[in-house]
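Colleague: Before I rely on the terms used for this protein, I should like to hear the grounds for each of them. Would you take me through the reasoning?

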Amino acid sequence: MKQSETQQPDVTPDTSMDEQEIAEAMKAAETYKTKEYTIDEIPETPLEDEAMMKRLAEMEPLYADNYTDKPGNTSYGVLTFRIASVQQVSMKPENLTFELYQEAENYVDFDYTVDLILTRQNGESERLPLEGRLTLVRKNGKWLVQADDIDPDFGNRVITHK
């Protein structure tokens with residue numbers, strides 16, 4: 001090799017996030033899942049469209065896309081609400097944990113587990129475990145939900161469970 005030639009090191013840009021960014025994303029994930037799984041008052045049966053639209057409007061600021069533009073947001077946004085209505089229960093999350101699955105610049109995937117505590121009007125409670133993968137993207141400095149993959153049969157199992 002001639003002296004004027006220099007060998008360039010093989011450098012790939014580091015697109016990984018630091019611990020603080022991951023912690024911020026995890027906090028946003030926790031905020032979303034806590035809001036999604038907390039239903040303090042038992043919804044009326046049958047569940048009225050107005051009540052579902054109100055619930056969706058409460059959840060919408062947490063989504064990367066408008067719920068009317070992405071039908072998956074609509075189904076996840078009201079799934080727990082629908083479960084609470086059909087089962088006539090209030091709901092709260094317990095033991096919510098997140099584990100980093102993968103991350104890259106401006107997006108992160110967390111695997112999560114949670115116990116849903118369903119409480120009937122008579123005070124009886126039951127614990128239902130749930131797990132899934134939550135994808136968040138950073139838009140305008142905020143971590144927002146891009147996707148929420150849960151057991152696709154979970155809603156049917158819980159709705160038909162008495």
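**Grounds for the terms**

Modeller: Let me begin with a pair of charged side chains: Glu36 and Lys33 meet in a salt bridge, with N to O at 2.5 Å. Please bear in mind that this is a predicted model.

Colleague: Why is the contact between Glu36 and Lys33 called a salt bridge?

Modeller: The term requires a side-chain nitrogen of Lys or Arg within 4 Å of a carboxyl oxygen of Asp or Glu. For Glu36 and Lys33 the N to O value is 2.5 Å, so the pair satisfies the definition. The two residues are three apart in helix α1, and therefore about one helical turn separates them.

Colleague: How do you know whether Glu36 and Lys33 are buried or exposed?

Modeller: Buried means under 20% relative accessible area. Glu36 stands at 3% and so counts as buried; Lys33, with a relative accessible area of 0%, is therefore buried too.

Colleague: Which residue besides Glu36 forms a salt bridge with Lys33?

Modeller: Asp148 does, the closest N and O atoms being 2.5 Å apart. This pair links distant parts of the chain, as Lys33 belongs to helix α1 and Asp148 to strand β4, 115 residues apart. Both Lys33 and Asp148 are buried.

Colleague: What makes Glu94 and Lys92 a salt bridge at 3.7 Å?

Modeller: The cut-off is 4 Å, and the closest N and O atoms of Glu94 and Lys92 are 3.7 Å apart, so the pair falls within the definition. Glu94 has a relative accessible area of 27% and is therefore partly exposed; Lys92, at 41%, is likewise partly exposed. Lys92, Glu94, Asp115 and Arg127 are linked in a network of salt bridges. The whole structure holds nine salt bridges.

Colleague: Why is Glu131 called exposed?

Modeller: Exposed means over 50% relative accessible area, and Glu131 has 57% relative accessibility, so the term applies. Glu131 is found in strand β3. Leaving aside residues up to four places away in sequence, Glu131 touches Tyr112, Thr113, Ile150 and Asp151. The C-alpha atoms of Glu131 and Ile150 are separated by 6.3 Å, although these residues are 19 apart along the chain.

Colleague: How do you know that β3 and β4 pair?

Modeller: Two strands pair if at least two bridges are found between them. Eight bridges join β3 to β4, so the requirement is met. These two strands run antiparallel, and Gly132 stands opposite Ile150 in β4. In their hairpin, which has two residues between the strands, Asn140 takes a positive phi near 50 degrees.

Colleague: How many bridges support the pairing of β2 and β3?

Modeller: There are 13 bridges, in the antiparallel sense, against a requirement of at least two. Leu116 stands opposite Leu128 in β3. The hairpin of β2 and β3 has four residues between the strands, and Gly123 in this hairpin takes a positive phi near 95 degrees.

Colleague: What makes β1 and β4 the edges of the sheet?

Modeller: The open sheet has four strands in the order β1-β2-β3-β4, with antiparallel pairing. β1 and β4 each have a single partner strand, so one side of each is left without a neighbour in the sheet. Neighbouring strands are turned by 30 degrees against each other on average, direction ignored. α1 lies across β1, β2, β3 and β4, and runs at about 155 degrees to β1.

Colleague: Why is a set of 37 residues called a nonpolar core?

Modeller: The name is given to buried residues of types such as Ala, Val, Leu and Phe that are joined through side-chain atoms within 4.5 Å. The largest such core has 37 residues, and Phe110, Leu116, Leu134 and Leu136 have the most contacts inside it. Among the elements that each supply at least two residues of this core are α1 (19–37), β2 (107–120) and β3 (125–139). Leu136 touches residues including Ala25, Phe110 and Trp143. In soluble globular proteins, nonpolar side chains tend to be buried together.

Colleague: What is the pattern of helices and strands along the sequence?

Modeller: The pattern reads α-α-α-β-β-β-β-α, with four helices and four strands. Buried residues make up 37% of the 162 residues in the protein.

Definitions and conventions. Residues are numbered from 1 along each chain as its sequence is written. This is a predicted model: local features need pLDDT of at least 70, side-chain atom pairs count only at pLDDT 80 or more; totals for chains, interfaces and linings use all residues. Side-chain values use heavy atoms; hydrogens and water are left out. Buried means under 20% relative accessible area, exposed over 50%, partly exposed in between (1.4 Å probe, protein chains only). Contact means heavy atoms within 4.5 Å. Axes are lines fitted to C-alpha atoms, for helices over the stretch in contact, and angles run from 0 to 180 degrees between N-to-C directions.
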